[in-house]
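Let's take a walk through a protein model together, stopping at a few helices and some charged pairs. Keep the structure open beside you as you read.

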Amino acid sequence: MNIALLGYGRMGKTIEQIAIKRGHNIVLTVDKDDKNYDITKADVAIDFSVPTEAFNNISNCLNNRVPVISGTTGWLQDYDNVIALCKEKQGAFIYASNFSLGVNIFFELNKTLAKMMSALKQYNVSMEEVHHTQKLDAPSGTAISLAKDIISNHDGFDQWKLEEAGENTIPITAKRIENVPGTHTVAYESEVDTISIEHIAHNRQGFALGAVVAAEWIIGKTGVFTMNDVLNIG
């Protein structure tokens, strides 16, 4: 499989290492200042760029009928436009705020816990995410996904806010610490106890492997998919 890497930072380089170990070829690497490149030489593209470049990268792939996997966060104001373009071009697209297998299991645990806690009004929920200092967006895309899933499965909350609590609001605390790949904690607290679930990433290998597996899976398919489709969970 010939892979284009859109974004060639630390994550892009980790994906490259794993893809080569799995027998694939990296035929194109695109950094944030690269504007003119031939995406058609790739069988599939993996986008881990920056928020300001993601929409253009993804659109270029779809316009050229190249399946694309995106793990870039912070660009989702354009998500509906990407979905419309994917359908128009009969392309193939997967976005995930986190490609890690463990995190996607964590997403399902979070949904289940939210349903269980919905009737227990004495508990307030809060979230904390910790990432490396080079992460550009806050809160993380994973934290936003967790918050949205709580809102969808718990009738006590209808919004989330960064560093701000309030009625019917999920407060998210975002911390940036050197060399932290990613930690996410969801906590339900009452006067008598606290129930929490947590995912701690030890390195970037899990994110990168999940992205390569998704790229392998999407070849030959048409449509908009999620990691639940790739992993057959949920």
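Leucine 101 is partly exposed, with a relative accessible area of 47%. (Buried means under 20% relative accessible area, exposed over 50% and partly exposed in between, with a 1.4 Å probe and protein chains only.) A quick word on what you're looking at: this is a predicted model, where local features need pLDDT of at least 70, side-chain atom pairs count only at pLDDT 80 or more, and totals for chains, interfaces and linings use all residues. Residues are numbered from 1 along each chain as its sequence is written, and side-chain values use heavy atoms, with hydrogens and water left out.

**Helix H4**

Leucine 101 sits in helix H4, which covers residues 101–117. Helices (H or I, at least four residues) and strands (E, at least two) are DSSP runs, numbered from the N terminus. H4 has 17 residues and should span 24 Å at 1.5 Å a residue, and its end C-alpha atoms are 25 Å apart, which agrees. The expected span is 1.5 Å times one less than the number of residues.

At the N-terminal end of H4, serine 100 acts as a cap: one of its side-chain oxygens lies 3.2 Å from the backbone nitrogen of glycine 102. Which residues of H4 are buried? They are Val103, Asn104, Phe106, Phe107, Glu108, Asn110, Leu113, Ala114 and Met117. Their cover includes helix H5 (141–153), strand E9 (182–189), strand E10 (194–201) and helix H7 (227–231).

**Helix H1**

Now hop over to helix H1, residues 10–21. Its twelve residues reach 17 Å from the first C-alpha to the last, close to the 16 Å expected at 1.5 Å a residue. Among the buried residues of H1 are Met11, Ile15 and Ile18. Strands E1 (2–6), E2 (25–30) and E3 (44–47) and helix H6 (205–218) are included in what covers the buried residues of H1. After H1 comes glycine 23, with a positive phi near 90°.

Let's zoom in on methionine 11, a residue of H1. Methionine 11 is buried, with a relative accessible area of 15%. What does methionine 11 contact, leaving aside its neighbours within four places in sequence? The answer is Phe48, Arg204, Phe207 and Ala208, where contact means heavy atoms within 4.5 Å.

**Salt bridges**

A salt bridge here is a side-chain nitrogen of Lys or Arg within 4 Å of a carboxyl oxygen of Asp or Glu. By this rule the count comes to seven salt bridges, including these:

| Pair | Closest N to O distance |
|---|---|
| Lysine 175 and glutamate 128 | 3.1 Å |
| Glutamate 129 and arginine 176 | 2.8 Å |
| Lysine 135 and aspartate 137 | 3.2 Å |

Take lysine 175 and glutamate 128: lysine 175 lies in strand E8 (residues 169–176) and glutamate 128 in strand E6 (residues 124–131), so the pair ties together parts that are 47 residues apart in sequence. Lysine 175 is partly exposed at 38% relative accessible area, and glutamate 128 is partly exposed at 30%.

The pair of glutamate 129 in strand E6 and arginine 176 in strand E8 links distant parts of the chain, 47 residues apart. Is glutamate 129 buried or exposed? Glutamate 129 is buried, with a relative accessible area of 0%, while arginine 176 counts as partly exposed at 26% relative accessibility. As for lysine 135 and aspartate 137, both are buried.

Terms used
Polar contact = N/O pair within 3.5 Å; in protein donor to acceptor, adjacent residues only side chain to side chain.
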